[in-house]
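Reader: I have just opened this model and would like some help reading it. Could you walk me through the ligand and the pockets?

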Amino acid sequence: MLRTLRHCLLVFLCLAVVAYTVYVYGVLPLGAMMNPTMRANFEHNWLGIYTHVFASSLALLLGPLQFSARLRAARPRLHRWLGRTYLGVGIGLGGLAGLYMAAHAYGGFWARSGFALLALAWLYTGWQAYSAARARDISSHRRWMLRNFALTLAAVSLRVLIPLSQIGGIPFSLAYPAIAWLCWVPNALLAEALLRRQSSQRRGSGLSAAATARATQ
Ligand code: HEM
């Protein structure tokens with residue numbers, strides 16, 4: 001029950017960020033919701049920002065579907081095609097354009113390095129997930145996809161943290177560089193903690209199965 005609720009909340013947040021992106025970048029003039037410095041930067045790098053926001057939106061849209069065990073079992077071919085689109089367009093194109101935009105990001109060194117490292121980690125985990133899938137190493141593929149999607153969710157964390165920092169009265173010029181790190185480092189740590197818990201649970205159940213087998217011999 002709690003799991004379903006968490007899953008629904010996650011899907012809702014992903015869809016909300018995609019809806020925001022489509023409205024602000026598909027309908028409004030470029031940079032309409034940004035401060036003048038960011039608007040000028042986006043106007044100057046319009047190809048980079050448009051490529052980034054629309055390609056990355058695909059990752060947010062497709063990511064939650066790829067974790068559905070039911071879909072994977074019922075439509076394995078669809079899972080593979082959606083996976084190729086998620087990794088090729090969402091992460092590959094969205095990540096390279098994100099890396100380009102990181103070099104120009106508002107907020108100076110700390111914002112630029114935070115976004116650049118996020119983009120590199122996004123591309124790296126995506127590549128590892130793809131290589132593991134090609135090698136039919138499904139358990140490694142699953143672990144890399146979890147790490148990768150935790151980073152995709154940086155787009156959600158960022159858009160939760162910015163309004164929170166504004167409610168807290170923190171000047172944007174101070175908050176933004178910190179948020180460039182806070183939007184993804186906790187996600188990455190959480191993904192590692194989840195993977196560790198899952199592997200220790202598996203080890204635990206393996207040990208107890210072995211103990212039961214020994215006891216019944
Ligand atoms: C996870 C890797 C990602 C990286 C490294 C990244 C990087 C960046 C960078 C550097 C900017 C420009 C910020 C500035 O100029 O100050 C930006 C803006 C933006 N990104 Fe990403 N991004 C990522 C993921 C995503 C995803 C998954 C989405 C999905 C919608 C997204 C949507 C946007 C949008 C809409 C903007 C424009 C700013 C806004 O309207 O809030 N990004 N991103």
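Reader: By class, how many nonpolar, polar and charged residues does the shell around the ligand have?

Author: Happy to help, and please keep in mind that this is a predicted model. A good start is to sort the neighbours by class. Here the shell has 20 nonpolar, seven polar and one charged residues. Of these 28 residues around the ligand, Tyr20, Tyr25, His52, Tyr106 and Tyr176 come nearest.

Reader: Which element gives the largest share of the shell around the ligand?

Author: That is H3, with six residues. Helix H3 covers residues 46-66, and His52 has its place there.

Reader: What is the protein donor of the iron atom of the ligand?

Author: For a metal, look for protein atoms that can act as donors. A donor here is an N, O or S atom within 2.8 Å of the metal. In this model the only protein donor of the iron atom is NE2 of His52, at 2.0 Å.

Reader: Which side chains have an N or O atom close to an oxygen or nitrogen atom of the ligand?

Author: Polar contacts are pairs of N or O atoms within 3.5 Å. Tyr20 has a side-chain N or O atom 2.5 Å from an oxygen atom of the ligand. For His52, the partner is a nitrogen atom of the ligand, at 2.8 Å. Arg159 also takes part, with a polar side-chain atom 3.0 Å from a ligand oxygen.

Reader: Which pocket is the space taken by the ligand?

Author: The ligand takes the second largest pocket, which holds about 990 Å³ of space. Its lining is made of 41 residues, and nearest the centre are His52, Phe115, Leu158, Arg159 and Tyr176. H8 supplies the largest share of that lining, seven residues. By class, the lining divides into 29 nonpolar, 11 polar and one charged.

Reader: How much space lies in the largest pocket, then?

Author: About 2,100 Å³ lies there. Among its 46 lining residues, Phe67, Ser68, Arg72, Leu146 and Phe149 are the closest to the centre.

Reader: Which element gives the largest share of the lining of the largest pocket, and what is its make-up by class?

Author: The largest share, nine residues, comes from H10, the helix of residues 185-215. Sorted by class, this lining has 25 nonpolar, 11 polar and 10 charged residues. You can set that beside the lining of the second largest pocket, with its one charged residue.

Methods: Residues numbered from 1 in each chain as written. Predicted model: local features only at pLDDT ≥ 70, side-chain atom pairs only at ≥ 80, totals over all residues. Heavy atoms only, no water. Donors = N, O, S within 2.8 Å, 3.2 Å for Na, K, Ca; no water. Helix = DSSP H or I, 4+ residues; strand = E, 2+ residues; numbered from the N terminus. 1 Å grid on protein atoms, 1.4 Å probe; cavity = no way out; pocket = protein on both sides within 12 Å on 5 of 7 lines; lining within 4 Å. Points joined across faces, edges and corners; volume = space filled by probe spheres on them. Nonpolar A, V, L, I, M, F, W, Y, C, P; charged D, E, K, R; others polar. Near = heavy atom within 4 Å. Polar contact = N/O pair within 3.5 Å; in protein donor to acceptor, adjacent residues only side chain to side chain. Sits in = over half its atoms within 2 Å of the grid points.
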